[in-house]
Amino acid sequence: MPFPNVRLASRPLHFIYLCDCSGSMQAEGKIQALNQAIRQSLPGMVAVARENPEARVLVRAVRFADRAAWHIATPTPVEQLQWVDLQAAGVTAMGEALELVAAELRSPPMEARALPPVLVLISDGQPTDDFELGLAALMAQAWARRAVRLAIAMGDDADAEVLQRFIGSEPGRELPAPAAAEAEVPGASGELPRQRRGRSARRPLQASNATTLARYIQWASTAVVGAASSSSSRLISERGAANGADSGADSWAGSWAGGVPLPDLPPTELDPFEDFDPLLEGDSVDHSGSINNLGPLKW
Amino acid sequence: MSWLLPSNSSHHFLGLDQPVRIVQGLGSGSQGQVFKVQVGGESLALKWYWPSCLGRDPGLAERLQESIRRGSPNADFLWPLALVRPKAAQRAALGPAGRGFGYLMALRPASYRGAVEHAAGRLTISLQNVLKAAFGLATAFHALHSRGFCYKDVSLGNVFLDAEAGRILIGDNDNVEVSGRGGGAVIGTWGFMAPEVALGLSRPDGGSDLFSLAVLLFYMLTRHDPFKGALERAMPCLDLAARRRLYAEDPVFVFDRRDGRNRPDPIEHAAALLTWPIYPRELQQLFEQTFGAGLRDPGRRSLTGQWRQVLSASLDQRRLCGACGQENFAEPQAASLCWACAAPLPPPARLLGAAGVVSVAAGNEVHAHHFDPLAPEDLAQPLAQVVAHPQRPQLLGLRNLSCHPWTLHLAGGEAITVAPGETGSLAAALQISSPEGQLRVLA
């Protein structure tokens, strides 16, 4: 006889894309890149949802141009989601998009119990409406304050300060947001952003090309969803380890958003890997000789 | 998905005579990527680490070397077989991956699926096989701890289950370390971490593994989280602060006998309420012990040997409801009702060995530990199995799975020989004699 027909209890995990569809997104194939990145990320998102039966991953999307509107209005189980292409035309009603999301994060319609929502704002420009009003409406909602809020800047013209305000600053953990944002954004000289070491999901993620955009979308829809459903392994903090005293499992080595420790960012073409060399910093290796796998513990 | 090592590329690694050919990427995780590879005609799995992971965990290579040198605790681990690093000349060609390393391990057979599939109710498994899998987990951790190792990151995500065989495999063995060293970067997964580890009071060790093992066994047996009850329902947002309260600061077992604050909700937590009463009292007590006194005192957590003993005894008293056929594990002596259909369960016939009693129910097995009081519980090599007659399912017999003939002593004084592979009817049997010992049949 089979095991009784029961399963783990679960909570909804609302994942909401806020997509800039202004006219400038037509340039350089940006809107196509965004559609492609989201569509390609869905199988990975389905896999993560399967591995996390304690989370019911429900996806929605808002598009904003002259006005903001729900592109996917119904919270859709990720395995049923079919991405319909966004079209670009008009200006950048980002503030209205935040208001739309704010209305949905009120309880009700939000469930009484849920996992922290994940909000991903993707933009290539400046808001043309009242962003402050929208942000205030959003942040008035407890679920928005508890949400993991991520922002992806497409190209060099995105308003990093606005995106940083959406994410919020992280008191005491990192550089003050404006300074950090300035360091990230390339100047008029066309210099590459100085992202090595400084890259953080607590600041807008700079997607300068389609590949980087796809990696960030993939990361947000898989690794971040895993972290928000709390299935990923916890790490001791580097700070705690250095002090010889851990402050516990919530002292995550990386950065945080809305009470959720964020996983490592994916490698990008600009910044394929972090700065250290494990062969130099990690274990000691005798570069002159071979390594016997059955050999002594130390070389 | 972009892979660190491209498919069909071949690599000469330090310490390996044979080249390693990458067949395909199998999966990508927070620590690195896993590939199916061919090495000297053998299919293996290769895990390759992200450089960011290596930077956080400088002791990783040394830990893996020690695990490789000492070998797998038992056959149920996907244990590291060899550490592989690119040769200096190859590093540049490998790109960023050339700055890292990986290890080889056995490939997981396709019959094993993630234990998460069981918890999510997406695979069919018998209660007997769930208990066997739980016994396999307790045995694997017993072997691991006996070697002085601890696992550290117990979770459903690291366990694989063969539902047909009731067997398990334990993956992700790269956090394994000698207990008490306190190295490594990973300290566990929320919901499975012992409170003292979650609170940062200590690093994971063998004692915290015992807590995590109990959580894992509870998930396996009930498809429910042992700490999700009324207290969890009162938390609107299950963020990290909430998890910290639920699992570390004020953990209350949902079936705690003295503290009723966290009882399961009849609708939302129905899995726990339905499955918990299925299990024998002795088994429930091991959970109550670990999630009661053992919450704050690692020394009072149920031991792997206790889990093995009680889980194998639970399997021994398995019987089938005559009305609905469901598996029951109630005390054979006590009057009881089927948990599924509430029909009365008559006392079962039993097989009495020198060191154990097995209820007569199709599928139940006799093992060496039922004859020898000094033999450790071991389910790997059953000596006999109760089977139903193919045409007359009410007629039960005992199939000889050993390699020696037995003698079946019948009520009329007759004796018949049951060769290996044959089945002797238990209807008229009084006693079975085998080289391992005697089994008395108690009707």
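Q: In this predicted model, is Asn8(B) buried or exposed?
A: Asn8(B) is found in the segment before β1 (10-11) of chain B. A residue counts as exposed if 12 or fewer other C-beta atoms lie within 10 Å of its own. Asn8(B) has 8 other C-beta atoms within 10 Å, so its class is exposed.

Q: What is the sign of phi at Asn8(B)?
A: Most residues other than glycine have a negative phi. Asn8(B) is not a glycine, yet its phi is about 70 degrees, and the sign is positive.

Q: Which class of burial does Glu28(A) belong to?
A: Glu28(A) sits in the loop between β1 and α1 of chain A. Although not a glycine, Glu28(A) has a positive phi of about 55 degrees. A residue is buried with 20 or more other C-beta atoms within 10 Å, exposed with 12 or fewer, and partly exposed in between. With 14 such atoms within 10 Å, Glu28(A) is therefore partly exposed.

Q: Which strands stand at the edges of the open sheet of chain A?
A: This open sheet has six strands with mixed pairing, in the order β3-β2-β1-β4-β5-β6. Each edge strand has a single partner, so one side of it is left without a neighbour in the sheet. The strands in that position are β3 (68-77) and β6 (205-207) of chain A.

Q: In which sense do β1 and β2 of chain A pair?
A: Strands of a sheet pair through backbone hydrogen bonds, either parallel or antiparallel. In chain A, Leu13(A) of one strand stands opposite Val57(A) in β2(A). Ten bridges join β1 (residues 11-20) to β2 (residues 55-64), and the sense is parallel.

Q: What distance separates the end C-alpha atoms of helix α1 of chain A?
A: Helix α1 covers residues 30-51 of chain A, which is 22 residues. At 1.5 Å a residue, this helix should span 32 Å. The distance between its end C-alpha atoms agrees with that expectation, at 32 Å.

Q: At which residue does α1(A) have a kink?
A: The kink is of about 35 degrees. It lies shortly before the proline Pro43(A), at Leu42(A).

Q: Which helices help to cover the buried residues of α1(A)?
A: The buried residues of α1(A) include Ile31(A), Leu34(A), Ile38(A) and Val48(A). Their cover includes the strands β1, β2, β4 and β5 of chain A. It also includes two helices of chain A, α7 (210-221) and α8 (223-228).

Q: Which residue is joined to Pro108(A) by a cis peptide bond with omega of about -20 degrees?
A: Most peptide bonds are trans. The loop between α2 (94-105) and β4 of chain A holds Pro108(A). The bond from Pro108(A) to Pro109(A) is cis, with omega near 10 degrees. The cis bond with omega of about -20 degrees joins Pro108(A) to Ser107(A).

Q: Which strands stand at the edges of the open sheet of chain B?
A: This sheet has six strands in the order β19-β18-β27-β26-β23-β24, with antiparallel pairing. Each edge strand has a single partner, so one side of it lacks a neighbour in the sheet. These strands are β19 (356-359) and β24 (415-418) of chain B.

Q: How many of the residues of α5(B) are buried?
A: Helix α5 of chain B covers residues 127-146 and has 20 residues. The helix is mostly covered, and its buried residues number 17.

Definitions and conventions: Residues are numbered from 1 along each chain as its sequence is written. Chains are lettered from A and ligands numbered from 1 in the order in which they are written. This is a predicted model: local features need pLDDT of at least 70, side-chain atom pairs count only at pLDDT 80 or more; totals for chains, interfaces and linings use all residues. Two strands pair if DSSP finds at least two bridges between them. Helices (H or I, at least four residues) and strands (E, at least two) are DSSP runs, numbered from the N terminus. The expected span of a helix is 1.5 Å times one less than its number of residues. The bend at a residue is the angle between axes fitted to the seven residues ending there and the seven starting there. Two residues are in contact if their C-beta atoms, placed from the backbone, lie within 7 Å.
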